[in-house]
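Biologist: Could you take me through the charged side chains in this one, pair by pair? I'd like a close look at who partners with whom, and at any that go without a partner.

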Amino acid sequence: MSETVTTAAGQVGAIGPGRLVLVVGPSGAGKDTLLRLAQAACAGDHDIVFPRRVVTRASSADEDNIALSPDEFARARDHGDFAVHWDAHGHSYALPLEINDDIRAGRAVVANVSRTVIAALRQNYANVVVVAITAPPDVLAQRLAARARNTDGNIADRLTRNVDDASANADVTILNAGSAEYHSRHLLRVIRNECWRE
């Protein structure tokens with residue numbers, strides 16, 4: 001499996017002063033569930049932004065992505081519409097360029113991204129916080145089997161996927177094996193830049 005990442009060209013210096021909160025973790029860890037709960041808790045807070053990812057597959061009940069065909073995605077990428085884009089699991093993903101304006105305005109931008117893009121984003125943004133969400137392997141397998149999304153590929157392959165976790169260098173790790181509400185409150189403290197370091 002190949003994963004590639006590209007960030008917007010022509011950036012001068014690290015973008016700030018706002019925060020880029022990157023949520024990463026294996027398939028089935030519950031990232032979208034925790035993000036959805038955190039986003040609901042932040043409703044009305046204009047200093048926290050949850051951008052919709054652009055993806056070359058249809059959204060599911062647990063995600064609110066902007067779905068584009070591969071050709072539409074390529075045109076948008078070539079037009080410079082993305083702050084960052086990457087390929088994984090046979091699909092293309094991106095964050096819209098508008099997140100740069102939010103970060104320059106001092107807002108916190110919260111996004112679910114591939115672990116492979118973290119190093120590039122740490123270089124391009126002044127204030128990056130990485131939150132790794134994970135779960136035990138048996139829980140991951142149960143969740144992947146339950147969602148049964150055909151476009152996700154082989155479940156066994158996804159569970160054994162070898163990504164250099166050291167490259168993620170997470171600032172916070174959430175073991176999402178219990179109450180989603182409880183774990184979303186932990187994520188919310190990180191997003192709000194409250195006391196979260198242990």
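Modeller: Let's start with Asp171 and Arg122, whose side chains meet in a salt bridge at 3.3 Å, N to O. That pair ties together distant parts of the chain: Asp171 sits in the loop between α7 (165-168) and β10 (172-175), Arg122 belongs to helix α4, and 49 residues separate them. Bear in mind that this is a predicted model. As for burial, Asp171 comes out at 30% relative accessibility, so it counts as partly exposed. Arg122 is partly exposed too, since its relative accessible area is 28%.

By the distance rule, the count comes to 4 salt bridges. Another of them stays local: Asp101 and Arg104 meet in a salt bridge of 3.8 Å, N to O. With a cut-off of 4 Å, that 3.8 Å still qualifies. Both residues lie in helix α3 (residues 99-104), 3 residues apart, or about one turn of the helix. Asp101 has 48% relative accessibility and therefore counts as partly exposed, and Arg104, at 47%, counts as partly exposed as well.

Then there's Asp102, which pairs with Arg107 at 3.0 Å, N to O, again as a salt bridge. What about burial here? Asp102 is buried because its relative accessible area is 16%, where buried means under 20%. Its partner Arg107 is at 27%, so Arg107 counts as partly exposed.

Arg107 also leads us to the odd one out, because it appears among the residues that Arg19 touches. Arg19 is found in strand β2 (residues 19-24). Which side chain of opposite charge is nearest to Arg19? That would be Asp171, the residue we met in the bridge to Arg122, but Asp171 is 8.1 Å away from Arg19. A salt bridge needs a nitrogen within 4 Å of a carboxyl oxygen, so at 8.1 Å Arg19 is left buried yet without a salt bridge.

What does the side chain of Arg19 have for polar company, then? Backbone oxygens, for a start: the one of Ile191 lies 2.8 Å from a polar atom of the Arg19 side chain, and the one of Val190 lies 3.0 Å from a polar atom of that side chain. Leaving out residues up to four places away in sequence, the contacts of Arg19 also take in Ile103, Ala108, Val109, Asn127 and Val129, as well as Arg192 and Asn193.

One uncharged side chain deserves a quick detour. Thr116 is in the loop between β8 (108-112) and α4 (118-124), and α4 is the helix that holds Arg122. The side chain of Thr116 makes a 2.8 Å polar contact with that of Ser114. Thr116 has 28% relative accessibility, which means it counts as partly exposed. It is 30 residues from Trp86 in sequence, yet the two are 8.4 Å apart in space, C-alpha to C-alpha.

Zooming out, the protein chain has 8 helices and 10 strands. Buried residues make up 45% of its 198 residues, with Arg19 and Asp102 among them. For contacts with a separation of 6 or more, residues 24 or more positions apart account for 73%. The bridge between Asp171 and Arg122, 49 residues apart, spans that kind of separation. As for the surface, the chain exposes about 9900 Å², and carbon and sulfur atoms supply 49% of it.

How values were computed:
Residues numbered from 1 in each chain as written. Predicted model: local features only at pLDDT ≥ 70, side-chain atom pairs only at ≥ 80, totals over all residues. Heavy atoms only, no water. Helix = DSSP H or I, 4+ residues; strand = E, 2+ residues; numbered from the N terminus. Buried < 20%, exposed > 50% of the residue type's maximum accessible area, 1.4 Å probe, protein only. Lys, Arg positive; Asp, Glu negative; His and termini not counted. Polar contact = N/O pair within 3.5 Å; in protein donor to acceptor, adjacent residues only side chain to side chain. Contact = heavy atoms within 4.5 Å. Areas by Shrake-Rupley, 256 points an atom, 1.4 Å probe, with all protein chains shown as cover.
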